[in-house]
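Work through the exercises below with the structure open. Try each task before you read its solution.

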Amino acid sequence: GIHSNNEIVINDGYITIDTDDDGIHADNSVTINDGVITVKDSYEGIESEIVTVNDGTIILNSSDDAFNATAGSRTERDDGSSLNIYGGHIVVYSGADGLDSNGDIKMTGGTVIVHGPSSQPEVMVDYNGTFKISGGFLIATGSSSHMTQGTSSSSSQYSVLGKVILGRYRLVHPNYSRSLSDHRFYILCCHQVKRVGRNSVPVR
């Protein structure tokens, strides 16, 4: 992967990473201004105290968190870190959290698609501060977990957080009939639309 003890700035280019460690890691900050970045395999896709995406195309595959903004300590308290998405086209496939910040998440533009974890307690979006969204398009799916979060109620862009139940299925065969367990997951949708109700509407 790409590692720095200070900061990483990517202005353009084509980058392909395949690693057992973090795809892109900097202790202080990672800033992506443009370019095409593909992380084929990683532990965590992009990790730093401050992660900022201004533009570019980013595809992340991670066994743990895809984006992880952290000051370096594993904590469930706000540590002042931040994940900022101002533009770009982002697709993530994460074994753990898709978008994770031990502090805040801010999104003002871009397109983000999160294929999140399939089992709890991991979730599609995880933050300890706030998640304020004012622009762009976000759709995220993840496990049916009691820790699932939507965007913050102080966001100026409205969103829908819903639980989807796919089941109860029944396989029918000439020799047997079998019921399958319910498949439950959460989906979070955020897009610029005319105000129709509350900021985040839980669907149960």
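Three exercises follow on this predicted model.

**Exercise 1. The sheet**

Task: Find the order of the six strands in the open sheet, and name its edge strands.

Solution:
- Step 1. Recall how strands join: they pair through backbone hydrogen bonds, either parallel or antiparallel.
- Step 2. Read the order across the open sheet: 2-5-8-11-14-17, with parallel pairing.
- Step 3. Look for strands that pair on one side only. These edge strands are strand 2 (7-10) and strand 17 (131-133).
- Step 4. Check the angle. Neighbouring strands of this sheet are turned against each other by 5 degrees on average, direction ignored.
- Step 5. Zoom in on one pair. Strand 2 and strand 5 (residues 29-32) are parallel and share four bridges. Ile-10 has Ile-32 in strand 5 as its bridge partner.

**Exercise 2. Glu-47**

Task: Decide whether Glu-47 is buried or exposed.

Solution:
- Step 1. Locate Glu-47: it sits in strand 7 (residues 46-48).
- Step 2. Take its relative accessible area, which is 9%.
- Step 3. Apply the cut-off: buried means under 20%. Glu-47 is therefore buried, at 9%.
- Step 4. List contacts, leaving out residues up to four places away in sequence. Glu-47 touches Asp-22, Ile-24, His-25, Ala-26, Val-30, Asn-68 and Thr-70.

**Exercise 3. The largest pocket**

Task: Describe the space in the largest pocket and the residues of its lining.

Solution:
- Step 1. State the volume: about 320 Å³.
- Step 2. Turn to the lining, which has 21 residues. Closest to the pocket's centre are Asp-65, Arg-74, Glu-76, Asp-97 and Asp-100.
- Step 3. Sort the lining residues by type: nine are charged, eight polar and four nonpolar.

Conventions:
Residues are numbered from 1 along each chain as its sequence is written. This is a predicted model: local features need pLDDT of at least 70, side-chain atom pairs count only at pLDDT 80 or more; totals for chains, interfaces and linings use all residues. Side-chain values use heavy atoms; hydrogens and water are left out. On a 1 Å grid over the protein atoms alone, a cavity is a set of points where a 1.4 Å probe fits but cannot get out, and a pocket is an open set with protein on both sides within 12 Å along at least five of seven lines; lining residues have an atom within 4 Å of a point. Grid points are joined across faces, edges and corners, and a volume is the space filled by probe spheres set on the points. Ala, Val, Leu, Ile, Met, Phe, Trp, Tyr, Cys and Pro count as nonpolar, Asp, Glu, Lys and Arg as charged, and the others, Gly among them, as polar. Helices (H or I, at least four residues) and strands (E, at least two) are DSSP runs, numbered from the N terminus. Buried means under 20% relative accessible area, exposed over 50%, partly exposed in between (1.4 Å probe, protein chains only). Contact means heavy atoms within 4.5 Å. Two strands pair if DSSP finds at least two bridges between them. Axes are lines fitted to C-alpha atoms, for helices over the stretch in contact, and angles run from 0 to 180 degrees between N-to-C directions.
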